[in-house]
Amino acid sequence: MNIISLSTLCAQDIHKIWSLADQPNAQFSANVAWSFEGNGIRTRTTFIRAFRELGLQFTELPNLLKTDERVQDLAGYLDSFFFFFFIRESNHERLQAFANASSKPVINAMSSRGHPCEVLTDAYYLDRKYAKLSNAQVCLWGPTTNVFRSWHEIAKVLGIKLIQVCEERFHEHLPFVEFRSTLPLHADVVITDSWPDKIYDSAHSLTNQHLVNMGSPVLIPTPPFRIGNELLFDPVTYQGFVGYHQKKLLLLIQKAILRFAMKG
């Protein structure tokens, strides 16, 4: 079972992963491969912990998909050695092609088109906090990023309505996302993500006053957040900031994803 984008999962899959996160650790005997592009500080930290806590043997394959070698050849040679692959690769199309070529599960640790592990974690937090994710009015702030793309996907899979506030030029036609240029009257949760420098415009950054006007919702700034980019204030000073501890759930969800992939 690959997890390259959340759109390939069904609602039952997502709830199974969340259910596994609520269960005690299991122990497995398997060799896994992982490859990281960039730092990925939090994801790298929690996945190494996850490997160890599940008893998995892991091997790092630096820049696995940065070579000129064909993905079918890479998969053909490496499938014999590993039970599954965990890859952070900006080239989403090449990552998808590798997953298609491999006979083993491939997990997307982040690509240009999505960040399924991060979003499964934040959605899990909200699902437990509000007794059901559909009970929360979730607002995405800013233009679509890889993180927001994964939010769009999970909304479609689970049938959840999202609001996304951004400039009109970034609006899309998606059935489960209400794009708007003005503030909603109310939000339970606001989620931000860093904007690419080429589209940065401080006139549309999130402010404390915006949050007050939406009823002082919970704030989940996707790290690494940049003050003066998507945010014009320090989120740590905001009473509704979920706190650094919320990202501890990455470890639970990543272990659950690994367990799901191995049994799926």
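The legends below describe close-up views of a predicted model.

**View 1. Five strands form an open sheet with parallel pairing.**
The strands are arranged in the order 7-6-5-8-9. Strand 7 (177–180) and strand 9 (218–221) are the edge strands; each has a single partner strand, so one side of each lacks a neighbour in the sheet. On average, neighbouring strands of this sheet are turned by 25 degrees against each other, direction ignored.

**View 2. Strand 5 (residues 138–141) is paired with strand 8 (residues 189–192) and with strand 6.**
Strand 5 and strand 8 run parallel and are joined by four bridges. Across this pairing, L140 has I191 of strand 8 as its bridge partner. Four bridges also join strand 5 to strand 6, again in parallel. Here C139 is opposite I163 of strand 6.

**View 3. Strand 6 (162–165) is paired with strand 7 and has buried residues pointing both ways.**
The pairing of strand 6 with strand 7 is parallel and comprises four bridges. In this pairing V165 stands opposite R180 of strand 7. L162 and Q164 point one way from strand 6, while I163 and V165 point the other way. All of these residues are buried.

**View 4. Helix 6 (residues 146–158) lies across four strands of the sheet, namely strand 5, strand 6, strand 7 and strand 8.**
The helix runs at about 155 degrees to strand 6. Together, strand 5, helix 6 and strand 6 make a β-α-β unit, which is right-handed.

**View 5. Helix 5 (residues 116–129) is largely enclosed by the rest of the structure, because 12 of its 14 residues are buried.**
From its first C-alpha to its last, helix 5 reaches 20 Å, close to the 20 Å expected at 1.5 Å a residue. The buried residues are P116, C117, E118, V119, L120, T121, D122, A123, Y124, Y125, L126 and D127. After the helix comes A131, which has a positive phi, near 70 degrees.

**View 6. Helix 5 packs on the sheet beside strand 8, whose bridges to strand 5 are parallel.**
Four bridges link strand 5 and strand 8. Helix 5 touches strand 5, strand 8 and strand 9. The direction of helix 5 makes about 165 degrees with that of strand 9.

**View 7. T192 is a residue of strand 8.**
T192 has a relative accessible area of 0%, so T192 counts as buried. Leaving aside residues up to four places away in sequence, T192 touches W141, F148, L206, L219, I220, P221, T222, E230 and L231.

**View 8. C10 and C117 are not joined, and the structure holds zero disulfides.**
A disulfide is a covalent bond between the sulfur atoms of two cysteines. For the sulfur of C10, the closest cysteine sulfur is that of C117, at 17 Å, which is too far for a bond. The sulfur of C117 likewise has that of C10 as its closest cysteine sulfur, at 17 Å. C10 is partly exposed, because its relative accessibility is 35%. C117 is buried, with a relative accessible area of 1%.

Methods: Residues are numbered from 1 along each chain as its sequence is written. This is a predicted model: local features need pLDDT of at least 70, side-chain atom pairs count only at pLDDT 80 or more; totals for chains, interfaces and linings use all residues. Side-chain values use heavy atoms; hydrogens and water are left out. Helices (H or I, at least four residues) and strands (E, at least two) are DSSP runs, numbered from the N terminus. The expected span of a helix is 1.5 Å times one less than its number of residues. Buried means under 20% relative accessible area, exposed over 50%, partly exposed in between (1.4 Å probe, protein chains only). A disulfide is a pair of cysteine sulfur atoms within 2.5 Å. Two strands pair if DSSP finds at least two bridges between them. Axes are lines fitted to C-alpha atoms, for helices over the stretch in contact, and angles run from 0 to 180 degrees between N-to-C directions. Contact means heavy atoms within 4.5 Å. A crossover is right-handed if, with the strands pointing away from the viewer, the path from the first strand over the helix to the second runs clockwise.
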